[in-house]
Every structure is written in structure tokens, then in C-alpha cells.
Amino acid sequence: MVRETLTREKVLDEALALVDADGMGALSMRKLAARLGVEAMSLYNHVKNKGDLLDGLTARVFESVPLPVPSWHWEARVRRLAEGLYTAFTRHPAVVRALAAEEANPRSPGALRVIDALLGALLDGGLDETAAARGYRSVMGLVFGAALAESVAGGVAQRDEPVGDWFSRMVTPEELPNLYRVLPSLAEVDCVQDFHDQLDLLLGGLRAAG
């Protein structure tokens, strides 16, 4: 049986699958090589070190985001990119946490094209360079925050005492009237709907600034 040729893309995709299954802490050259059926030293023909591996698998996540058609209205392009990034990030929460902790950077031409497309849409919306940079950071901050919130929400229910029960005991109408009033709505978590609502608000602000 002829062994399939190993490439950087195959190494990165297998690393991403390992991280998705077992978390970033499980990633090692030895484990990755075992999954690929090769010796660990052979991986260094395709990645320089573990830092390069982390940057590479992060870049693969960015590269999975579809680019919008350049002729679309700028707002539709921003929305499509933000939604694409959110989908990619929520599929790979360990990568998002690594990005947030500045443990990895998406260093590849494909990843940069996503960033370039987002900036291009903002510039086409009438923003100058400074405002486009701020708009870019706002969009990325929203996407990161929403993806992180969704990953955290999945683990909250596993605590010994559910957070909702603790709030119900601690929040009273006498001491915290506003929180008490809104608490039932806060407890109705819908991360996807929250993201889309927040994106609508952000786009409204960008529209007004353009």
C-alpha cells in the first residue's frame, strides 16, 4: 500500500482535528505524528516548531471563511464575513481561545485575504482609514466575544451549582431591582440570536458613521 504524501496542509488539518477533539493541551508533535502514521521528526519538514503549527492551524480556520462577492453592497459583505468568521470560530473554540490569549496568529496569505476583504467592505462603506481600522476591530471583537461566550455557555451547566440557581438566591428586588427585573431574560441564552442582534447594532453604527 502506497502511503499518501504528507503536506503542510494535511499536517495542519490533522492538528486542527486533534485540537477540536481533545483541546489545545492535547496537541503535541508526538500525538500528531501518531495520528498521521509518521515519525514525529518528519513533521518538521512541514512546520518549523509548535509555534508555527499553532499559527498554521489558526490560519486554516480563517481560510475556511468564504469571501463575499466584491460587487455586493458593503454592508452585505461585512455581514457575510462576520457570519463566516463566527461560524468558523464556533466550530473551533480551542483555536479562538488561543487567538484571544495571543498564543497563535493566522499567518497565511489566505487568512490575510479575509482581513483585506473586511477592510475593503468598510472602506467602500465610506469610512476613512482610521474609521475602517476601528470598524475592523469592532467586528472582530464582536465575533471573538460571541464565539467565546458560546464556548463558555456550554460548560457553565456542568458546575455543581447552576449559575441560574445562585443568581436566583442572590438577586432580590430590594437590593438589585434592575437585575431582578431583567434576570429571566438574561437566563434565556441564545448565543446565535444574540450574535445576530449585536451584529445588526454594529452595522447600524457603521452605517451612520459612513
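Here are a few friendly notes on this predicted model, covering a helix pair, three glutamates and one annotated region.

1. **How H4 and H6 pack.** Two packed helices are described by the angle between their axes and the distance between the axes. Here the pair to look at is helix H4, residues 74-91, with helix H6, residues 109-124. Their axes come within 8 Å and cross at roughly 150 degrees. Angles over 145 degrees count as roughly antiparallel, and so H4 is roughly antiparallel to H6. As for the hand of the crossing, H4 and H6 make a left-handed one.

2. **Who makes that contact.** On the H4 side you will find Trp74, Arg77, Val78, Leu81 and Leu85. H6 contributes Val114, Ala117, Leu118, Gly120, Ala121, Leu122 and Asp124. Sorted by character, the residues of this contact are nine nonpolar, one polar and two charged.

3. **Glu75, on H4.** Is this glutamate buried or exposed? Glu75 sits in helix H4, and its relative accessible area is 15%. Buried means under 20%, so Glu75 counts as buried. Once neighbours within four places in sequence are set aside, Glu75 is in contact with Leu203 and Arg207.

4. **Glu102, in the loop before H6.** The backbone deserves a look here. Most residues other than glycine have a negative phi. Glu102, however, has a positive phi, near 60 degrees. This residue belongs to the loop between helix H5 (93-100) and H6. Its relative accessibility is 70%, and the cut-off for exposed is over 50%, so Glu102 counts as exposed.

5. **Glu103, in that loop too.** Glu103 is also placed in the loop between H5 and H6. With a relative accessible area of 48%, Glu103 is partly exposed. Which residues does Glu103 touch, not counting those up to four places away in sequence? They are Leu54 and Ala98. If you would like a distance to check in your viewer, try Glu103 and Glu9: the two are 94 residues apart along the chain, and their C-alpha atoms are separated by 20 Å.

6. **The annotated stretch.** The unreviewed UniProt entry places a feature called "DNA-binding region" at residues 28-47. In the model, this span is 40% helix and 0% strand. The C-alpha atoms at its two ends lie 12 Å apart. Please keep in mind that the feature label comes from the UniProt record, whereas the helix content and the end-to-end distance are computed from the model.

Conventions: Residues are numbered from 1 along each chain as its sequence is written. This is a predicted model: local features need pLDDT of at least 70, side-chain atom pairs count only at pLDDT 80 or more; totals for chains, interfaces and linings use all residues. Side-chain values use heavy atoms; hydrogens and water are left out. UniProt positions are given in the numbering used here, feature names are shortened, and annotations may be inferred rather than shown by experiment. Helices (H or I, at least four residues) and strands (E, at least two) are DSSP runs, numbered from the N terminus. Axes are lines fitted to C-alpha atoms, for helices over the stretch in contact, and angles run from 0 to 180 degrees between N-to-C directions. Angles under 35 degrees count as roughly parallel, over 145 as roughly antiparallel, 65 to 115 as roughly perpendicular and the rest as oblique. A crossing is left-handed if the near helix is turned anticlockwise from the far one by less than a right angle, and right-handed if clockwise. Contact means heavy atoms within 4.5 Å. Ala, Val, Leu, Ile, Met, Phe, Trp, Tyr, Cys and Pro count as nonpolar, Asp, Glu, Lys and Arg as charged, and the others, Gly among them, as polar. Buried means under 20% relative accessible area, exposed over 50%, partly exposed in between (1.4 Å probe, protein chains only).
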